[in-house]
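Visitor: I have a structure to look through and would love a guided tour. Could we go through it together, one question at a time?

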Amino acid sequence: MENQIENNVFSDDKISTAGIKQESSFTRALRKNRVLLMMLIPAFLYFFIFSYLPMSGAIVAFKSYNFREGIFGSPWVGFSNFEYFFKSGQAWTVTRNTILYNVGFIVVNTVLQMGLAIFISEIGGKYFKKVTQTAMFLPYFISWVVVGMIAYNFLNVDYGTVNTILNKLGMESINFYGTKWVWPIIITAFCAWKNVGYGTVLYLAAIMGIDQEIYEAAQIDGANIFQRIFKVTIPCLVPTLIILTLLSIGNIFRGDFQMFYQLVGNNGPLFPITDVIDTFTFRSLIQSGEVGMSAAAGLYQSIFCFITIIITNKIVKSYDKDYSLF
């Protein structure tokens, strides 16, 4: 009995000693990396204040919100706001448009970004590279309001640049703002024009990180420029490609509100082909003032975005866990 008590005491001492060692090692790690951790504080505060704290407002989706009683005082209505969204007859249309547009953006932007990054990395001339990168990256900083005005001046049926050229060639004007089928092409083109520069820089950075000895070895083996691109560059870009694609898929149920709203505006005839969840929710909120329905649509987006990124990451992880996000 006494031996058992002594063994328990010794085991407790070992556990406490291990805990002290573990705590001290954790404290040492904090002290050692305190500068790096302090640099993370602004990012942590930003996401905590603007991303995590607002999550408490998701309960509005289950309430009949009124301004007098506030978020937490408004009466519960269960899933009535979701029923309103799905019974509106637009839930499937805006969800389909959102997914298809985002899939198109991912495919087109990825191909253009990778292609331009490889092209710039292979061409000679330092100054030409700098000018090309600047010219491609500049549209990224232009507001969608300005882009909307540029699009209007290009596509306007009366004095737009495109129709002016067509009239000069003896052809009839095209009413772009009354023709549905051209808008998926127009929106995808403007999205690519504005965002391709940013993605190209990311892929260029990945290309610059490839060991040059691999290219030298391939060149010694007699590989031409196209063989080096397809056998060395593109395989080395796969991890970057997968990570950027995963991040894009995480927002596949979200439409860029400013892009769609500034390019299309309140043009009713184009809504069946250009309306996404974000623009539909915005108009519903402005026209009817249904805050609960708008919150339900936003929660619907968030849930499906979360499910999509989990499934996609699981698929990537089953292929190669080193390529997954988590």
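Guide: Happy to, and here is a definition to start with: helix axes are lines fitted to C-alpha atoms over the stretch in contact, and angles between N-to-C directions run from 0 to 180 degrees. Please keep in mind that this is a predicted model.

Visitor: Then how are α14 and α15 oriented to each other?

Guide: Helix α14 covers residues 277–288 and helix α15 covers residues 291–319. Their axes lie 8 Å apart, and the packing angle is about 170°. Angles over 145 degrees count as roughly antiparallel. The two helices are therefore roughly antiparallel.

Visitor: Which residues of α14 make that contact?

Guide: On the α15 side, the partners are V291, M293, S294, A297, Y300 and Q301. By class, the contact has 6 nonpolar, 4 polar and 1 charged residues. The α14 side is made up of I277, D278, T281, S284 and L285.

Visitor: How are α9 and α12 oriented to each other?

Guide: Helix α9 spans residues 183–208 and helix α12 spans residues 257–264. Their axes come within 11 Å and cross at roughly 125°. An angle from 65 to 115 degrees would count as roughly perpendicular, and one over 145 as roughly antiparallel. The angle here fits neither class, so α9 and α12 are oblique.

Visitor: How many nonpolar residues are in the contact of α9 with α12?

Guide: From α9 come W183, I187, F190 and C191, while α12 brings M259, F260, L263 and V264. Among the residues of this contact, no polar and no charged ones are found. The nonpolar count is 8.

Visitor: What is the handedness of the crossing of α10 and α11, right-handed or left-handed?

Guide: Helix α10 (residues 212–220) packs against helix α11 (residues 225–249) at an angle of about 145°, with the axes 11 Å apart. In this contact I214, Y215, A218 and Q219 of α10 meet R228, V232 and T233 of α11. By class, these are 4 nonpolar, 2 polar and 1 charged residues. The crossing of α10 and α11 is right-handed.

Visitor: Let's turn to charges. How many salt bridges does a search of the whole structure find?

Guide: Side chains of opposite charge can pair when their charged atoms come close. One such pair is E69 with R68, whose closest N and O atoms are 3.8 Å apart. Another is R283 with D275, at 2.5 Å from N to O. The search of the whole structure gives a total of 2.

Visitor: Are R283 and D275 buried or exposed?

Guide: A residue counts as buried when its relative accessible area is under 20%. R283 has 12%, and D275 has 3%. Because both values fall under that cut-off, R283 and D275 are buried.

Visitor: And what about R68, buried or exposed?

Guide: Its partner E69, at 37% relative accessibility, counts as partly exposed. Over 50% is the cut-off for exposed. R68 has 77% relative accessibility, so R68 is exposed.

Visitor: Which residues does Y203 contact, leaving aside neighbours within four places in sequence?

Guide: Y203 lies in helix α9 and is buried, with a relative accessible area of 1%. G160, 43 residues apart from Y203 in sequence, is 35 Å apart in space, C-alpha to C-alpha. The contacts of Y203 are T110, Q113, M114, A117, L237, T240, L241 and L244.

Visitor: L202 is in helix α9 too. How far apart are the C-alpha atoms of L202 and R254?

Guide: L202 is partly exposed, with a relative accessible area of 32%. Along the chain, L202 and R254 are 52 residues apart. Their C-alpha atoms are separated by 22 Å.

Visitor: Now a loop residue: what does G255 touch, not counting residues up to four places away in sequence?

Guide: G255 sits in the loop between α11 and α12. At 12% relative accessibility, G255 counts as buried. Its contacts are T98, N102, F260, V276, D278 and Q301.

Visitor: One last stop: how far apart are the C-alpha atoms of S56 and I71?

Guide: S56 lies in the loop between α2 and α3, and at 41% relative accessibility S56 counts as partly exposed. I71 is 15 residues apart from S56 along the chain. The C-alpha separation is 9.3 Å.

Conventions: Residues are numbered from 1 along each chain as its sequence is written. This is a predicted model: local features need pLDDT of at least 70, side-chain atom pairs count only at pLDDT 80 or more; totals for chains, interfaces and linings use all residues. Side-chain values use heavy atoms; hydrogens and water are left out. A salt bridge is a side-chain nitrogen of Lys or Arg within 4 Å of a carboxyl oxygen of Asp or Glu. Buried means under 20% relative accessible area, exposed over 50%, partly exposed in between (1.4 Å probe, protein chains only). Angles under 35 degrees count as roughly parallel, over 145 as roughly antiparallel, 65 to 115 as roughly perpendicular and the rest as oblique. Contact means heavy atoms within 4.5 Å. Ala, Val, Leu, Ile, Met, Phe, Trp, Tyr, Cys and Pro count as nonpolar, Asp, Glu, Lys and Arg as charged, and the others, Gly among them, as polar. A crossing is left-handed if the near helix is turned anticlockwise from the far one by less than a right angle, and right-handed if clockwise.
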